[in-house]
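Colleague: I would like to learn how to read cysteines and sheets in a model. Can you walk me through one?

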Amino acid sequence: MKHVDEFRDPALGRVLAGEILGLVEAGRHYKFMEVCGGHTHSIYKYGIDDLLPANVELVHGPGCPVCVIPMGRVDDAIALAHEDNVIFTCFGDMLRVPGSEGSLLDAKAEGADIRMVYSPLDALRIAKSNPERDVIFMAIGFETTAPSTALTLRRAKSEGVKNFFCMCNHVTIVPPLRALLDSPDLRLDGFIGPGHVSTVVGVRPFEFIPREYGKPIAVAGFEPLDVLHAIHMILTQLKEGRCEVENQYARVVPYEGNPRALEVMAEVFELRPHFEWRGMGFISQSGLKLSKAYADLDAELRYAVPGVRVADPKACQCGEVLKGVIKPWECKVFGSGCTPERPIGTCMVSSEGACAAYYNYGRFAREREVV
Amino acid sequence: MSSEVSEREQKVLNIIETARAKRQKFRDTQITMAHGAGGKATQGLIEGLLVPAFANDTLEAMADAGTISLLGGQVAMTTDSFVVNPIVFPGGTIGDLAVNGTVNDLAMAGSRPLALTLSLILEEGLPADTLKHQVAAIAAAAQSAGVPIVAGDTKVVPRGMCDEMYICTTGLGLIDDRATLSPAALRPGDKILVSGRIGDHGTAIMLARGEFELDSDIESDTQSLWPMVDTLLGGVGPSLRCLRDATRGGVASVLNELARASRVAMIIHESAVPVHPSVAGACEILGIDPMHVANEGRLVAIVAPEAADSALAALRSVPGGEEAAEIGECKTEPEGMVLMATAFGGKRVMDQLVGDPLPRIC
């Protein structure tokens, strides 16, 4: 695959790894957070950790769209899916997230018409071919996916599609980062910034991290060389005593982001006063809902949803995992009560979740050299 | 992990591996699509409900086909249902799968296919031409595999109770004298071969459904694998440890099952695994690992190290086996696990499929 394989070149990876080794100070421990679940996935999938010095530790952050959805929202989704005459559509990962009484997959087996889609446009297509049914799209994700939801809603409105609705769970990346940085639990030396989100919002929104919190950040792409390069950039900043936002992913990310995407988001969405995050509680101005102009397409206005806040299962420590306070394996139920096939928490469901990535890819004792 | 694996982390990992090595339980309250995906949920259904219910030594062996002693010989018996959607796709049809799938399950037991039975479940309103087309496909596939269809059954259900047509085939085969195959026969040092590039069938079906607006030239790999097995047995018979056709759940599921059954570790070299660039591209876009994608005409062969080269040559000499490759080897530790040495130079676990990204693939 041209333009991808170049960023997976093992020879270049070894060169970068060698340079990284030259940048670290012996005796100092470095803790960097990769904000985005896509990075977590890449790190485990390619075994990037294996190329890093022992004193560079990667901590997984909150940027996994499925992981941050609280249980109460899953219950709301299931309630919508069970409404008469509704076709409920969502991304595949969402199907397996446990609510307080089963998942969307269970609701499907009980008879709810739930369909997996790969994009909001697929959901709109389903609406057009089933004009007598209400089609609800469960929108999730950060600023990465919000523009495609917004464009789909704009199209539905302009084409006069009357049976297409959106259950909006879009969230924004900066408020949880601020919450993390304000938390005393976590001591970090720098951030690998979220590449996909930045294609939309640009690099500027992350300037507060070096300015207010004194931590370097490199916005990075998702191929293994991208991740290594970003680590190289952060280590270089630390070595040279600099502290700023750098853009490793400049081949895709413009400094000011994508103005047209931001424009359609501003038209279609507005900030909720607060939104609940799994394990992190309510964070103000961190979630999006449909704007007044799009209220007719809001599934939560079309149907009554329970909207009940459900406490996470006691044993579940997704919150601490999302905040990077504990490693996946440190969770009390990791791998025993909570596995990808029988998850308790969201982090074990999504392929971008730290627990699923660690369980599926990272779980083996590297001490025991393979004989 | 770059940071050293602490004692506590090691303890947690050991508990998990012990739990994984145990026979799966069936604890679900209802059947979901995941139970049909060939991954962990399927395994739980088989190991936790079906095998205990019908407990017998033949079934316990959990091979692709059961082996029975009959009149002084060993025969293999297997059965398979086909519900693929759509019923016609690039490179094949449901009729081709129904013959080749069962023939291949027999072949994986080292048995020459002797006869098939055919059971059709048809939806009211199915156009006769569609049925004729499938019957012709079944006849052609059976002739090409050299196996007669000796009995059959037909049922019709009301419109909406099934999707066009489902097919069930049962096969009987005679176990070849040269075959000494068992999922528990793998030894550290054994080599792992695949008979060609992987993921073609699943990708072809996925794209044929037209849900993704991706175009490609990928065709299903559906074919009878008996000629390949015949040649392998002739070339390296006694050195052949085990054969599996990598259908639902893909090569990853097959390898995990074998690693568990033989209590060995496996290391797979990512760069050695043959994958068509279009398959790699489609999987990349959809976030699926080609190692989890179904095949209908690809086998995984585990052979003793000294026979690996001859086995590879044998595979490559048979039509459809030209791209056969050695993709890895068996090790001692960590027992029951399959590891992937990534092309980038790292190492990771390659586990079985969880959930069902691709329902009704065969």
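Modeller: Gladly. Keep in mind that this is a predicted model. Let us begin with the cysteines.

Colleague: How many disulfides does the structure hold over all chains?

Modeller: A disulfide is a covalent bond between the sulfur atoms of two cysteines. The structure holds one over all chains. It joins A:Cys64 to A:Cys67, with S to S at 2.3 Å. Both A:Cys64 and A:Cys67 are buried.

Colleague: Why is the disulfide of A:Cys64 and A:Cys67 right-handed?

Modeller: Read the torsion about the S-S bond. For A:Cys64 and A:Cys67 it is about 70°, so the disulfide is right-handed.

Colleague: Why is there no bond between A:Cys331 and A:Cys355?

Modeller: Check the distance against the cut-off, which is within 2.5 Å. The closest cysteine sulfur to that of A:Cys331 is in A:Cys355, at 6.1 Å, too far for a bond. A:Cys331 is buried, at 10% relative accessible area. B:Cys242 is also in no disulfide: the nearest cysteine sulfur, in B:Cys330, is 10 Å away. B:Cys242 is buried as well, at 3%.

Colleague: Now the sheet. In what order do the four strands of chain A run?

Modeller: The order is E4-E3-E5-E6, in an open sheet with parallel pairing. Strands E4 (113-116) and E6 (164-170) of chain A are the edges, each pairing on one side only. From one strand to the next, the twist averages 20°. Strands E3 and E5 of chain A pair over four bridges. There, A:Phe88 stands opposite A:Ile136.

Colleague: Which strands does helix H6 of chain A lie across?

Modeller: Helix H6 (residues 120-129) lies across E3, E4, E5 and E6 of chain A, at about 175° to E5(A). Helix H7 (residues 146-158) of chain A lies across E5 and E6, at about 160° to E6(A).

Note on methods: Residues numbered from 1 in each chain as written. Chains lettered and ligands numbered in written order. Predicted model: local features only at pLDDT ≥ 70, side-chain atom pairs only at ≥ 80, totals over all residues. Heavy atoms only, no water. Buried < 20%, exposed > 50% of the residue type's maximum accessible area, 1.4 Å probe, protein only. Pairing = 2+ DSSP bridges. Helix = DSSP H or I, 4+ residues; strand = E, 2+ residues; numbered from the N terminus. Axes fitted to C-alpha atoms, helices over the stretch in contact; angles between N-to-C directions. Contact = heavy atoms within 4.5 Å.
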